[in-house]
Amino acid sequence: MRGASGLLLLAVLLAGVGVGDGKILGARMSWELNPLFEGDDVTSVRKVTLKLTSAWETVGVCTAVVGQAVSGAGCVVESNFGQLCWYACRDVTNMACDPIQCVDNALVRDQPPGLDSEIFSQPYFQGTLTQEVTVPENKDMVVAFLKWADPSGGTFEMTSGGRSDYWVGFDPANSALFAPDMNPIVPTFIPLCTGAPETDGSVATCRLGQLENYYSPVPVYPLIVASPPDLSMQAPSYLKVSDLDGHQLKVEKAQSYVSGAWSSDPRENQGDLFHDVDPAGPSNGPQVLYSSIVGSRYTAKWIEVVDRTYDRLEPTDLQSSYKIFSRYSDTQASVQLALSVLDPSAGRCSATNPPPFFTAAAGGTAPLGASHVTEMECEWVAGFPGAPNCAIPLHAHTPGTAAGSYYMVRVRSAFGFPALDTACGDTQCEGDSRPCCCRSQGGKTCEYVPKLGEGAASNPALLGNPWTQDDIGKFFVSCFVATAERYNLPVLASNGAQEGPCPSLPMCVKVRITGRKPRFVAPTPLAPNSRDSAGADVPGRTDVGACLGYPLQLTLKAEDPDAGDGVRIFVTDPVGGTGNFDFFASQLTGAQANGTFDCGTFGPYGAVRTGDNANQTSASLLDFPPGLQPTISADSVMAKLKPTVSFSSGGAGQGVAYTLRLGADNGVVNRPQPNPSLADQNYRQLVLNVDQVVCGAAFDDSRTRYKRWVGERVDGDAGGFEWQRQSGHALGDLRSDIHCWKVKLQAPPVFVTDGSKGCFRTANGGQQRIYDCTPIGGAPGDYFDTGQTTGNESAYRNIPIGAGQELHVTFVAADPNPEDQVTLFVLEDPGVPPNMVVGRSTCTVHSEAQYICLARDEVTSEYPNQNYTIDYYSAGASPCQRATLKLTWTPADTDVGQSFKVCVIARDDSSLCEGQGPPDATSRGWFGETHCVVITVTPPDLAWLAEPAAAFPPPR
């Protein structure tokens with residue numbers, strides 16, 4: 001950037017003056033832009049809202065209540081709370097800046113009296129100022145900070161030892177921006193874009209889609225912490241950070257003040273990257289550490305958080321990644337938080353009243369570990385918050401064991417956060433029945449399960465007041481401490497505490513309010529009936545049949561239970577592989593054939609999306625500023641969608657239109673015959689292309705509706721597997737679970753033959769006439785391979801046979817689906833001639849390459865968390881894709897002159913096409929062709945033979 005990171009000047013403030021002089025104790029700053037900041041020349045609203053929260057030492061009793069403006073007199077030692085200041089600049093190189101503007105830090109109290117007055121000898125209070133700032137059109141950055149000079153005469157100079165590296169380039173000696181007594185406290189950097197054309201006439205950067213930050217990171221933690229003297233049993237304490245841009249986050253620096261100097265604690269996870277909602281699962285965020293260094297204790301802490309904007313929010317492979325900054329950049333937001341670490345007053349903690357700690361469960365005696373999750377999600381529903389997942393169980397325990405004593409343990413709000421519950425109180429405990437306190441000599445534990453999102457103006461809710469549907473996507477943070485008090489036995493109402501309250505370290509809880517995801521509903525096929533090639537169940541996938549000659553029946557419908565949400569469905573073909581091309585492609589580039597010539601050359605499938613959002617043909621969603629190439633995009637939470645992407649109110653329906661047709665080459669062909677031979681019994685066999693797996697999801701429009709990143713965070717360079725990214729690319733919206741449908745190309749069995757159309761041969765001197773494969777009639781070379789033989793008399797084979805000759809006819813049928821099993825039946829009508837022997841339908845097991853064309857679709861136990869492909873092969877095995885049935889008959893003399901028609905029908909065992917159009921598709925299988933032969937019995941062909949030679953000489 002514009003500067004580098006470094007030590008915050010509040011460090012000088014806290015270290016130089018010291019706590020107890022009646023000064024500022026802590027502060028934090030955040031901001032957000034108007035959603036229309038990047039609009040066009042007419043709609044642009046160039047406003048930034050700054051939010052400054054600060055904690056101060058009070059004088060006597062501060063009478064201001066929560067929500068009331070706080071004046072200096074009566075609430076703070078000094079007569080002012082400083083000023084919120086800001087200035088706007090353009091061009092970091094030349095640093096053209098406007099004069100600094102300031103307003104008084106007119107605080108509104110946001111924390112009631114309570115814990116501070118019990119634990120510390122001096123009361124404190126906290127307030128917040130919200131200020132809207134208008135940014136000039138020709139400026140592309142704003143810096144804001146809290147300015148405070150001690151009216152009693154002490155100033156905090158910008159010395160080389162205390163000046164932050166962040167301010168390189170902003171030094172008063174260079175820019176003359178700062179007065180000598182001005183001390184930037186919790187400064188924040190706001191990267192923006194210009195709304196006016198550049199001096200060289202080029203387009204304003206706001207028209208180039210280059211604004212990436214609409215929200216700053218928001219770090220939340222108590223600004224005043226009472227650190228117990230013994231930290232050995234304390235549960236980890238975590239900083240809670242959120243960013244409604246959905247950006248990745250980083251603790252740039254964390255400093256602790258001890259023994260008159262600032263230093264970094266190597267244990268604090270500086271430089272670690274994290275998300276406010278971890279894509280990998282629940283987490284806790286950065287840990288805030290407390291300890292002693294060289295025998296001294298921390299007395300202040302400073303934390304700086306930056307974000308990492310998207311390198312490309314939507315690159316070609318949808319594998320979004322984040323920019324890597326060596327230091328700050330023009331697009332990186334920076335915010336800071338400073339807090340004071342104080343010792344409890346004398347008489348609060350001791351060996352007989354040790355600090356309590358948070359435990360994992362009621363009755364627990366061990367502190368929470370790092371694996372205990374303190375970040376959660378609550379789903380907003382009407383009548384919220386009735387859902388059970390919106391409760392935060394807080395358990396506390398004291399290890400105190402002093403003889404003759406009993407203990408009261410309470411869970412209560414940390415400094416700066418709303419009171420737990422007025423019925424329970426934050427400063428008192430009335431008996432054993434209150435959920436936030438207890439008196440126990442046994443387990444010495446208590447439990448508090450607050451209701452979230454409830455409250456009234458006089459009783460602010462724990463995490464908001466109250467939550468509404470418009471809070472979907474927001475974060476709410478509350479921090480707690482456990483306290484322990486020691487009493488002397490016996491238990492009497494009149495007993496006063498002998499020691500305490502002794503506090504624990506803060507435990508902060510972050511809750512994100514989520515909307516309800518859209519979901520697929522009927523008639524969407526969702527049955528868990530899909531298996532891979534190895535027979536393993538594939539979760540989240542449903543088989544649907546694309547039946548030869550009939551339209552595919554794949555109709556999807558989705559609804560969203562959140563009122564007012566728009567819904568869209570997007571389904572795509574995300575699974576590739578050898579010879580496996582896009583189901584929705586209408587044309588192919590170059591000659592694309594699957595496997596070898598043995599399986600044929602296929603054309604495109606040509607499936608088409610119909611219904612709502614049918615014009616979205618790509619998973620890519622982002623639109624680009626007019627006139628710009630796709631290399632420039634609006635990589636922000638406010639990025640616009642392509643006009644081809646549309647949402648429907650309340651629900652959406654989308655279909656996939658596709659009809660598998662013989663002759664169209666869109667998934668089925670006749671097996672080619674490059675080298676016909678009598679041994680090749682594959683004439684007329686159908687070959688199917690790869691079964692298609694399409695996947696999709698239903699999406700709402702929550703990002704656009706609420707102007708924040710509502711859905712799942714993008715996991716940097718990982719981002720899920722390719723098929724998941726293609727199918728579930730939500731871009732900040734909420735989406736349903738991804739569901740897949742395996743479109744299984746289905747065709748019934750057909751009768752197959754060889755080049756001679758019957759594999760005819762004779763045996764036994766002509767007494768046996770044998771057809772080893774299906775006899776087909778018609779003109780030479782006509783195999784009726786473009787239509788069925790059913791009812792087509794020209795396809796019937798006329799077979800002459802003489803009385804007394806032995807006839808063998810074999811019908812052979814093959815199914816194009818390798819997994820199907822074929823069975824042949826002789827029709828009762830017209831039946832068979834007298835005494836004909838009908839054999840059983842017999843499976844022919846084949847593993848030769850020329851017989852089986854198939855796709856291997858196999859997943860592992862890791863599915864769906866794996867990449868997988870479906871590859872096409874021209875060699876495979878099938879146990880019963882092909883079946884034979886033999887007829888044997890020797891006509892009698894009485895049959896001479898008669899003709900007999902015998903018909904055989906083939907059926908597979910697939911029920912996928914039942915009810916999907918084909919009338920002959922049943923629950924037992926699809927009945928395919930009926931093929932007949934006509935057997936004509938001819939009279940014997942008699943001829944006189946020459947008189948045989950005498951075997952013996954005639955008698956004499």
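Which handedness, right-handed or left-handed, does the disulfide of C759 and C773 have? The tour returns to this pair after an overview of the chain. The structure on display is a predicted model.

**The whole chain**

Begin with the entire chain selected and coloured by secondary structure. The assignment comes to five helices and 57 strands. Of the 956 residues, 55% count as buried. The accessible surface of the chain is about 38,200 Å², and carbon and sulfur atoms contribute 51% of that area. Among the contacts with a separation of 6 or more, 76% are between residues 24 or more positions apart.

**A four-stranded sheet**

Next, select strands β33, β35, β39 and β37, which form an open sheet in that order with antiparallel pairing. At its edges are β33 (519-521) and β37 (608-611), each of which pairs on one side only. From one strand to the next, the twist averages 35°.

Restrict the selection to β37 and β39 (residues 651-657). Four bridges join these antiparallel strands. To locate a bridge, select T610, whose partner in β39 is G655.

**The C759–C773 disulfide**

Now select C759 and C773, whose sulfur atoms are 1.9 Å apart in a disulfide. The torsion about this S-S bond is about 100°, so the disulfide is right-handed. C759 is in the loop between β44 (750-751) and β45 (760-763), while C773 is in the loop between β46 (768-771) and β47 (797-802), so the link ties together parts that are 14 residues apart in sequence. Both ends can be checked for exposure: C759 is buried at 9% relative accessibility, and C773 is buried at 0%.

**V812 and its surroundings**

Keep C773 displayed and add V812, a residue of strand β48 (residues 806-814). What does V812 touch, leaving aside residues up to four places away in sequence? The list comprises Q681, V750, F751, V752, D772, C773, T774, R882, A883 and T884. C773 of the disulfide just visited is therefore one of the residues that V812 touches. V812 has a relative accessible area of 2%; the cut-off for buried is under 20%, so V812 counts as buried. For a distance to check in the viewer, use the C-alpha atoms of V812 and P775: they are separated by 9.3 Å, and the two residues are 37 apart along the chain.

**Two further disulfides**

The chain has a count of 10 disulfides. Select C843 and C880 for another of them, with an S to S distance of 1.9 Å. The angle about the S-S bond is -75°, and the link is left-handed. This pair links distant parts of the chain: C843 belongs to strand β51 (residues 842-846) and C880 to strand β54 (residues 878-889), 37 residues apart. Are the two ends buried or exposed? C843 is partly exposed at 38% relative accessibility, whereas C880 is buried at 1%.

Continue to C547 and C913, a disulfide with its sulfur atoms 2.0 Å apart. Here the torsion about the S-S bond is about -110°, so the disulfide is left-handed. C547 is found in strand β34 (residues 541-547) and C913 in the loop between β55 (899-907) and β56 (921-922); the pair links distant parts of the chain, 366 residues apart. C547 is buried at 2% relative accessibility, and C913 is likewise buried at 2%.

**Backbone features in loops**

The last stops concern backbone torsions. Most residues other than glycine have a negative phi, and most peptide bonds are trans.

Select L489 and P490, which are joined by a cis peptide bond with omega about 0°. P490 is in the loop between β30 (475-488) and β31 (499-503). A cis peptide bond also joins D829 and P830, with omega about 25°. P830 is placed in the loop between β49 (823-826) and β50 (837-838).

Remain in the loop between β49 and β50 and select N835, which is also placed there. N835 is not a glycine, and its phi is positive, near 70°. With 71% relative accessibility, N835 counts as exposed.

Finish at K707, in the loop between α4 (702-706) and α5 (722-728). Its phi is near 60°, again a positive value in a residue other than glycine. K707 is partly exposed, with a relative accessible area of 33%.

Conventions:
Residues are numbered from 1 along each chain as its sequence is written. This is a predicted model: local features need pLDDT of at least 70, side-chain atom pairs count only at pLDDT 80 or more; totals for chains, interfaces and linings use all residues. Side-chain values use heavy atoms; hydrogens and water are left out. Two strands pair if DSSP finds at least two bridges between them. Helices (H or I, at least four residues) and strands (E, at least two) are DSSP runs, numbered from the N terminus. Axes are lines fitted to C-alpha atoms, for helices over the stretch in contact, and angles run from 0 to 180 degrees between N-to-C directions. Buried means under 20% relative accessible area, exposed over 50%, partly exposed in between (1.4 Å probe, protein chains only). Contact means heavy atoms within 4.5 Å. Accessible areas come from the Shrake-Rupley method with a 1.4 Å probe; for residues, only the protein chains shown count as cover. A disulfide is a pair of cysteine sulfur atoms within 2.5 Å.
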